[in-house]
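Reader: Hi, I would like to go through a structure with you, slowly if possible. Could you show it to me before we start talking?

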Amino acid sequence: MTTSLAMQWVMRLEVDIGPERLLGPVPEGERIDYPIIGGSFAGPDIRGDVLPGGADYFLMRHDGVGVLDARYQLRSDDGVVIDIHNRGLWVPTDAGRARMKSGVDPLPAELYCRCTPVFRAPTGRHDWLNWWVFTGSVDYPRPGIVAVNCFKLT
C-alpha cells in the first residue's frame with residue numbers, strides 16, 4: 001500500500017481572462033463568469049497557447065469561499081488541442097475576508113487557491129496528460145491574468 005505522495009511540476013499556465021460577467025444569485029451563492037480570452041503555457045515537456053473560448057464558471061458561495069470551474073482548451077506548439085477542466089477552491093484568509101467586508105478584493109497573498117486540473121488529450125505525443133492525477137496552485141500575478149502551476153501526483 002502506498003502511504004505517501006510526491007509531486008512533479010509539469011507546467012505553468014498564464015490564462016488571460018476578460019471582464020467578469022455577473023450572472024446573479026443561484027441557490028448556492030453568486031454566479032460570476034470569467035471568459036477566457038487567451039494566454040500561454042509552458043513546462044519541460046509541453047508548451048503552447050491557451051485558446052480563446054471557455055470560461056471560469058465561478059461560484060461565490062454564501063460562506064465567502066469561491067468555487068473554480070474552468071473549462072477551456074490548450075493548443076501545444078505542435079498543433080495538438082487539449083481540453084482542460086480545472087476545478088478548485090478560492091479561500092480568503094482572515095485578512096482577505098476583512099478586506100472583502102469593506103468591499104475590496106483580497107490581495108493575492110490573502111488567498112488560498114488550489115485546483116485539480118483534468119486534461120483530455122488525443123492519442124499521441126501528449127496523451128500522457130490522460131494518465132495522471134494533477135493538482136495545482138493558482139495565483140493572480142497581475143490584473144487579467146490567472147496563473148496555474150500544475151503538478152502531477154506520483
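Author: Let us begin with a term: two strands are said to pair if DSSP finds at least two bridges between them. Please also keep in mind that this is a predicted model.

Reader: Okay, so which residue in β4 stands opposite Ala42?

Author: That is Arg47 in β4, and the two strands concerned, β3 and β4 (residues 47–50), run antiparallel and are joined by 3 bridges.

Reader: How many residues does the hairpin between β3 and β4 go through?

Author: The hairpin that joins β3 to β4 passes through 4 residues, while the hairpin formed by β2 and β3 has 2 residues between its strands.

Reader: And which way do β2 and β3 run, and how many bridges join them?

Author: They run antiparallel, with 5 bridges joining β2 (residues 21–26) to β3, and Pro25 stands opposite Glu30 in β3.

Reader: What about β3 and β5, how many bridges are there?

Author: There are 7 bridges between β3 and β5, again in an antiparallel arrangement, and Tyr34 has Asp56 in β5 as its bridge partner. β3 also pairs with β1 in the antiparallel sense, over 6 bridges, where Ile17 stands opposite Ile36.

Reader: Changing topic, how many residues are in the largest nonpolar core?

Author: The largest nonpolar core has 32 residues, and those with the most contacts inside it include Met11, Tyr72, Leu74 and Phe119. Among the elements that give two or more residues to this core are β1 (7–17), β3 (29–42) and β6 (66–76).

Reader: What is Leu74 in contact with, beyond its neighbours within four places in sequence?

Author: Its contacts of that kind include Leu13, Phe41, Val50, Ile82 and Phe119, and also Asp49.

Reader: Now the cysteines: why is there no bond between Cys113 and Cys115?

Author: The sulfur of Cys113 is 7.0 Å from that of Cys115, its closest cysteine sulfur, which is too far for a bond, because a disulfide needs the two sulfur atoms within 2.5 Å. Cys115 is in no disulfide either, since the nearest cysteine sulfur, that of Cys150, is 6.0 Å away.

Reader: Are they buried or exposed?

Author: Cys113 is buried, with a relative accessible area of 1%, and Cys115 is buried as well, at 3%.

Reader: One last thing, how far is Lys152 from the nearest side chain of opposite charge?

Author: That side chain belongs to Asp45 and is 6.7 Å away, and Lys152 is buried yet has no salt bridge. Lys152 is found in strand β10, and its contacts beyond four places in sequence include Met7, Trp132 and Phe134.

Key: Residues are numbered from 1 along each chain as its sequence is written. This is a predicted model: local features need pLDDT of at least 70, side-chain atom pairs count only at pLDDT 80 or more; totals for chains, interfaces and linings use all residues. Side-chain values use heavy atoms; hydrogens and water are left out. Buried means under 20% relative accessible area, exposed over 50%, partly exposed in between (1.4 Å probe, protein chains only). A nonpolar core is a set of buried Ala, Val, Leu, Ile, Met, Phe, Trp, Tyr and Cys residues joined through side-chain atoms within 4.5 Å. Contact means heavy atoms within 4.5 Å. Lys and Arg count as positive and Asp and Glu as negative; His and the chain ends are not counted. A salt bridge is a side-chain nitrogen of Lys or Arg within 4 Å of a carboxyl oxygen of Asp or Glu.
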